[in-house]
Amino acid sequence: MGHTSLEKIIALQKKTPHIRNLCILAHANNSLKMFSFIIFFYYCIHQFAEMYSQKMGIRSSVLLKTLWGDFYLNAKAKKIMKGAQSKGKKPLFVQLVLDNIWSMYDAVVTRRDKEKVEKMVTSLGLKVMSRDLRHSDPKVLLSAICSQWLPVSQAVLSMVCEKLPSPAEISAERVEKLMSVGARRFDSLPEQTQELKKAFLDCSADETAPVIVFVSKMFAVDSKALPQNKQRPLTQEEIAQRREQARQRHAERQAANQSAESPGSALSVKTAVEEDNKEHFVAFARVYSGVLRKGQKVFVLGPKYDPSLALRLPEGCSAADVLPSVPHMACCTVDSLYLLMGRELEELDEVPTGNVLGIGGMEEFILKSATISTSPSCPPFTPLNFEATPIVRVAVEPKHPSEMPKLVRGMRLLNQADPCAEVLIQETGEHVLVTAGEVHLQRCLDDLRERFAKIEISASKPIIPFRETVIRPPKVDMVNEDMGKQQKVAVIHQVKEEQTKYPEGVQVDSTGLVTLTTPNKMATVGVRAIPLPEEVTRLLEDNVELIRTMEQFSLFAWEDKTLDINQKILENIQEFKVKLESNLQGRKWRGAVERIWAFGPRRCGPNILLNSVEGYRRPSVWQCLEREKETEKAEIRDFDNSIASGFQLATLSGPMCEEPLMGVCFSVETWDMKLSAPLAQQDSIDEDSQTAEPNIDNQNESSDTHETNASSASSNRSRSGAEATGSSVDCYGPFSGQLIAAMKEACRYAFQAKPQRLMAAMYTCEIMATAEVLGRVYAVLSKREGRVLQEEMKEGTDMFIIKAVLPVAESFGFADEIRKRTSGLASPQLVFSHWEVISSDPFWVPTTEEEYLHFGEKADSSNQALKYMNAVRRRKGLYVEEKIVEHAEKQRTLSKNK
């Protein structure tokens, strides 16, 4: 690529403000694409090569090689020579391409020379409408000329044909990855499923080839936009038929003396209108094998479908046969096929392999994504992952309670139409909508009102999630001074005062170790809370699927079953373990990775339960990596799962504001049991006769239901394990509940014994703004607790790109405010990024003289963390400690002013 050509392009961008959004795509094979978003021209170098090959008599293959490079045209010799830069000549690309574009722009926009423009239009053979030639805005004329001279459609089509790989070129490795869902290996799939690999590779459209189609999403289409409902020109026979029908209706009305229509006919008209306004869903899909035909019977396989279940079905069965019910599999008929032409849909009878299409009539069988096949042995494809993470939630209800069924139907349709939206129904009966951000939330609510539910709805204030964590004891106080002896003594006194508040049976030492005894005095648990390093928390967050796979393997191993895991996933788990070991360095973390008891909440979260009980060696969570090694089998103590369940409940709702914990390690250092076998048997005998005390856990939010299911599944494992070992202890009896509650409370007290902090969800904010409004952008960011990370100038323009982070809780109204403050010259883009610890302590009180001088005795200045915490507690109906001013209009004067 010649430097002169690039300099010319940059100069062209600077001279022409209307085509500053000029993009260049150059490839190693000397092909070039160039386009502008403003005046809508787009061309490939092929177009100019063909154009000039006819005029200059030079082969287009030669021009393709020389148009982009250090070549120039020798006018005398009429030859293309090399060395344009060294000889001071114009490169061929500048001479034949850029100069022509510039002269066109100069004549139309800069000079507005009508005679020259008409000559150019005539020489290029274009037909420009007279209204465009007379238009006062020169950009309109420029767009009209460029859209005909260098049309976008031809260039895009040629680029797609040249650059996109053929469906037949799919690699075997990619096929195996598509067919291996989750932790399963391709080798572990049934033989009938493995045989479908050849159908993928062949990409055949034969009659015998099995049909395999992947539906990536569903999108809503108005019924009027469907091809069968569009108006088309009528034939002469149809016109005569309609004329005759109109005459008959007129005669009937004359006979009835123009009487009103009957109620039945009015009802049918109303039903027809409602049917016309009904939303239809079209499945966006791609055919990987075979030919999909209209009216064909196929299997619809959900994302959780297990292809091994197809072995139970009769061999050679099809979707047209009467088959027994199989989970996550349905049989249906293909209603209609569409060719997607932008916003238009064209009806098709069949679609061969390798094509993208739309499928109608699938809304009853597909929620968001699915796999369609004529073979029940076909595995489901992995659903698509979207970058936008749903984080903002609202509770939705109809204004009129009688319209609740319409709201439920509308939310179901919205959930189906929007792949980034989630719909939940909590235990309290609330219908919750989870979206990616403020703009997405508003769009979803508008769609719910106008398209799907078509009723008036009320939405609560946005519910912003937070996380709770602990940190190391800070070394500086709130005025950034080193903590001296006075501060440390004050902290020790504060801890002693808090110890007097603990109930009976709870002991907390100065190191943060919490020892708690169950109400029946039969078990004592000692727990310590330790903050995890940020790298470990981030690592646990990024490897949720691997942790879930490890937990699934442990569940299978407990039930003496085997789970085949893909070799690549095993390598990823091994790499995850190595990274965990490298990040957990130091004396207190020695051997911690091998002693991990569980992850939480929901057994795959960013918190760790550590086994530090002396003399207790339980099976490792890394069993899937040790299955090939012969290791002695570790025994699990009775009620082991009760400890894990208590940890899961504690991490699901923390003590600050009942939000999930994050980045906390709970180390179980003591676990003493005084349970005798006869008493354990008596416990199990008296289980039905005793009345259980109300459990504290019932006060948790509706999100606890997932953990309750996990806990019950784990308890079933404990019961089956006890039966298998022949133990007389009932690990599912009343004592188990006491131990779960004790472990949960011990974790909460251990958490409170450390410095507590809230974690806020953060957006990555990218703002494009001019230099004149940078100060206003920074003012809005600082007002909303934002932090600027990077600022750089976009080359060739006067625009700055600012990258910042902004709390999700402060993002509502941010886009509108920044546009108002900058008069529309700055536009932000928000994407969920990470969780960040709020530095201020929500429970902080001044202790040193400097803090009293800076913050005052009451220390009633705004504490952001306390504000967030109280808002969440108030929303959840929890106790909020705040001062209430009574009789504020009365003033008490202590001394008279003299």
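## Strands β16 and β19 and their sheet

In this predicted model, strand β16, which covers residues 392-398, is joined to β19 by three bridges, and the two strands run antiparallel. One of the contacts between them can be followed residue by residue, since P398 has I457 in β19 as its bridge partner.

The two strands belong to an open sheet of four strands, arranged in the order β17-β18-β16-β19 with antiparallel pairing. At the edges lie β17 (422-425) and β19, each of which pairs on one side only. From one strand to the next, the twist averages 30 degrees. As a general point, the strands of a sheet pair through backbone hydrogen bonds, either parallel or antiparallel.

## Helices packed on the sheet

Helix α14, made of residues 404-417, packs on this sheet and touches β16, β17, β18 (431-435) and β19, while its direction makes about 25 degrees with that of β18. Helix α15 also packs on the sheet, where it touches β16, β18 and β19, and the direction of α15 makes about 135 degrees with that of β18.

## A loop after α15

The loop between α15 (438-452) and β19 (457-459) holds K454, a residue other than glycine whose phi is nevertheless positive, near 55 degrees. Is K454 buried, partly exposed or exposed? With a relative accessible area of 43%, K454 is partly exposed, because the value falls between the 20% limit for buried residues and the 50% limit for exposed ones.

## The loop between β24 and β25

A cis peptide bond, with omega near 0 degrees, leads from G600 to P601, and P601 is placed in the loop between β24 (596-600) and β25 (607-611).

R603 is found in the loop between β24 and β25 as well, and its phi is near 65 degrees, a positive value in a residue other than glycine. The relative accessibility of R603 is 9%, so this residue counts as buried, the cut-off being under 20%.

## The crossing of α5 and α8

Elsewhere in the model, the axes of helix α5 (residues 92-110) and helix α8 (residues 138-149) come within 9 Å and cross at roughly 145 degrees, and the crossing of these helices is right-handed.

Which residues meet where α5 and α8 are in contact? On the α5 side they are N100, I101, M104, Y105, V108 and V109, and on the α8 side they are P138, L141, L142, I145 and W149. Sorted by class, the contact of α5 with α8 consists of 10 nonpolar residues and one polar residue, with no charged residues.

Conventions: Residues are numbered from 1 along each chain as its sequence is written. This is a predicted model: local features need pLDDT of at least 70, side-chain atom pairs count only at pLDDT 80 or more; totals for chains, interfaces and linings use all residues. Side-chain values use heavy atoms; hydrogens and water are left out. Axes are lines fitted to C-alpha atoms, for helices over the stretch in contact, and angles run from 0 to 180 degrees between N-to-C directions. A crossing is left-handed if the near helix is turned anticlockwise from the far one by less than a right angle, and right-handed if clockwise. Contact means heavy atoms within 4.5 Å. Ala, Val, Leu, Ile, Met, Phe, Trp, Tyr, Cys and Pro count as nonpolar, Asp, Glu, Lys and Arg as charged, and the others, Gly among them, as polar. Buried means under 20% relative accessible area, exposed over 50%, partly exposed in between (1.4 Å probe, protein chains only). Two strands pair if DSSP finds at least two bridges between them.
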